[in-house]
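Trainee: Please take one part of this model and go through it closely. I would like the sheet, its surroundings and the packing linked to it.

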Amino acid sequence: MEAPFLKAVLHTATLRLWQAMACLALFLFAGLAHAAPPEGDITLQGEFWVDDSGKLGIEEVAGGAARLQPVERHRAYPLGDGALWLRYDIPALDAQQRWHLLLSGAAFLNRASLFVRGPDGRWQEQRAGDHTPVSQWHRPHFSPLFTLPQAPGPVWLRLENRPAPASPFVQLLSESSVERNNSWTYLLVGGYVGFCLLVFVVGLMHARMYADIAFDTYCLYVACMLLFQLSFTGFGGLFLWPGSAGFNDAAPGLFLFLMVATGIWFIREATAVKRHSRIVDRAVLGFSLFGAAFACVYVFHPSPAAYRVLNLYGLLSVLLSMSVCLWTWHKGETHSGWLFLGFLPVHLAYPFPALRAAGVLPDSWATQYAVMMGTALEIPLLLYILHRRAKDFSENRARMRVLDSTDPLTGLTSTPVLRLRLRDALRRGARSGTRCTALMVELANHGEIVSALGREAGDRALVVAASRLSSLVREVDTVCRIADARFALLLEGPQAEETRRKLAQHIVARGLEPVTQLAPDLALRFRAVSAWAPDEGSRADANAQESLLMARLNFGLDQLLEDPRKVVHHLEPSRGAVEGTAAAPA
């Protein structure tokens, strides 16, 4: 009952999954449509200066130490140990609303400070950034968000970030625009999180149903992907670890390593690399283990060298995953080609954050959410591909299990299965006081058919015999070929004396019907022996009774074949049989 229940649950979950995909697509398009607030981007309206020492304060910078230059384009600023200063002249704004500066897409800046003049003329600092717990920001948010004063005048932004360059994308927003922007972003990210959790649960159900390690690695990959997206977009620091500045700073790199490592491990299992090359399999496994091990190094030593390793590892993982999928597909793994297409959305979205990390692209909504949109398409595709792969493999395994439990020629139940069912029937009969019926049937002229028409005709006769015997019993009964031309039948449940006698006669008569697959004048001559079980007064266990019954049936059929004139014999119960003894047929 477990497998049908799981299949029904999986069917329902799959429908919910596609519904969630449709809703998520709407969220993505809605988010794109509402990503840019009406007040717009003011990045290019400011002036900048890089303090290479990183030690000057606002008084020195605002007092004339800064050699300001106009911001002519969106760009990245490699800072090292220095700091980037940005100056903006804020005009008179609508006094009916509060106004803010948002560093859009900059959830992972080390330090971000806004300096504004207070009523007493002194500079007041508002702090944000990964080196400050999100709970202690001026306004806890998934990206640095600062409040502007009501009076017009200059404000200064100070940014620190290493080893990655800082690439500011500054937006001027009213309070209503902030709320509207937050609503759409929460809707987008919340839909993505719920969608990933749904895929994760469905993946676990598939892992339980198919017992396939590929689903386990897929679930790990989805979990690491979700944690990476939460840390990369700033929502992890806002909701999951708001009081830990150190972990918030290391989380994007940590989960990127783990995501790539589990992703490569998943590809290794799903493409069955070990089936084609032991060397390649060990190389792919080593690449995966390196990422998991180096994640710890990156957390405790986030140096520029470690950052370069991080970027190189991400780039090589894309090339490796594509190469492994295409190579195993060329080797004959059909599903590897589909896996290559399943990973394609993330491979196409990866250049945006990668180029941003390299300093080529500035911070933007696209660099922050492109991979999220790619994974929203990737993870359900991978789950469907894995489902198809596991279904094909499970069908092959089911066919192999059937071959293990059936006769290859006739398709009847194998002898071990018959003996197991017979022992169960004997136990039930002993408890309930009823007796089942067992018969043994011999195709007496099988040797003649082989001698006259050949082995192929003899095999065809056995197949026809098996079909005719199966048609005379119920679905709950068992028909088994126990020797070359000898069959055993087990009729479950209590049977009347007249029933077993009629069945034996029907078997003999059915064999005499014309066989279209053989010569017109050739019939199947059956001889049958029937018996009741268990024996009356038997104190033997089910195993001993089963052996005794099969021995009596075989012995009775051997005696019957010595008398060509007799084709049916009914064995009477052997009274008083004791454990470990065999009774002669009556």
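Mentor: What follows starts at the sheet and works outward to the core, the aromatic pairs and the backbone.

This is a predicted model. Take the sheet to begin with. It is open and has three strands, in the order S7-S4-S9. The pairing is antiparallel. Strand S7 covers 145-147 and strand S9 covers 170-174. Both stand at the edges with a single partner strand each, so one side of each lacks a neighbour in the sheet. Direction ignored, neighbouring strands are turned by 25 degrees against each other on average.

Helix H3, residues 175-210, packs on this sheet. H3 touches S4, S7 and S9. Its direction makes about 110 degrees with that of S9.

Now look at strand S4, residues 99-103. Three bridges join S4 to S7. Within that pairing, Leu-101 stands opposite Phe-146 in S7. Leu-101 also touches Ile-42, Leu-114, Pro-144, Leu-157 and Val-170, among others beyond four places in sequence.

His-100 is in S4 as well. How accessible is His-100? Its relative accessibility is 0%, so His-100 counts as buried; the cut-off for buried is under 20%. A polar atom of the His-100 side chain lies 3.5 Å from the backbone oxygen of Phe-146. Beyond four places in sequence, the contacts of His-100 include Arg-139, Thr-147, Gln-171, Ser-174, Glu-175 and Val-178.

Next, the core. The largest nonpolar core has 91 residues. Leu-101 is among those with the most contacts inside it, together with Leu-86, Leu-157, Tyr-218 and Phe-266. H6 gives the most to this core, with twelve residues. A second, separate core has 28 residues, including Leu-412, Leu-443, Ala-485 and Leu-503.

Two of those core residues also form an aromatic pair. The model has 23 aromatic pairs. The rings of Tyr-218 and Phe-266 have centres 5.7 Å apart and planes at 55 degrees, so this pair is tilted. Tyr-218 lies in helix H4 (residues 213-233) and Phe-266 in helix H6 (residues 245-270), so the pair ties together parts that are 48 residues apart in sequence. Tyr-218 is buried, at 0% relative accessible area. Phe-266 is buried too, also at 0%.

Compare Trp-241 and Phe-247. Their ring centres are 4.9 Å apart and their planes are at 85 degrees, so the pair is edge-to-face. Trp-241 counts as buried at 11% relative accessibility. Phe-247 counts as partly exposed at 33%. There is also an aromatic cluster, formed by Phe-257, Phe-287, Phe-290, Phe-294, Tyr-298 and Tyr-313.

Finish with the backbone. Most residues other than glycine have a negative phi, and most peptide bonds are trans. Where does the model depart from that? The peptide bond from Arg-162 to Pro-163 is cis, with omega near 0 degrees. Pro-163 lies in the loop between strand S8 (153-160) and S9. Ala-211 has a positive phi of about 55 degrees. Ala-211 sits in the loop between H3 and H4. Phi of Ala-272 is positive as well, near 55 degrees. Ala-272 is in the loop between H6 and helix H7 (278-300). Are these two alanines buried or exposed? Ala-211 counts as exposed, at 69% relative accessibility. Ala-272 counts as buried, at 11%.

Key. Residues numbered from 1 in each chain as written. Predicted model: local features only at pLDDT ≥ 70, side-chain atom pairs only at ≥ 80, totals over all residues. Heavy atoms only, no water. Phe/Tyr/Trp six-rings, centres within 6.5 Å; stacked < 30°, edge-to-face > 60°. Helix = DSSP H or I, 4+ residues; strand = E, 2+ residues; numbered from the N terminus. Buried < 20%, exposed > 50% of the residue type's maximum accessible area, 1.4 Å probe, protein only. Core = buried A, V, L, I, M, F, W, Y, C linked by side-chain atoms within 4.5 Å. Contact = heavy atoms within 4.5 Å. Pairing = 2+ DSSP bridges. Axes fitted to C-alpha atoms, helices over the stretch in contact; angles between N-to-C directions. Polar contact = N/O pair within 3.5 Å; in protein donor to acceptor, adjacent residues only side chain to side chain.
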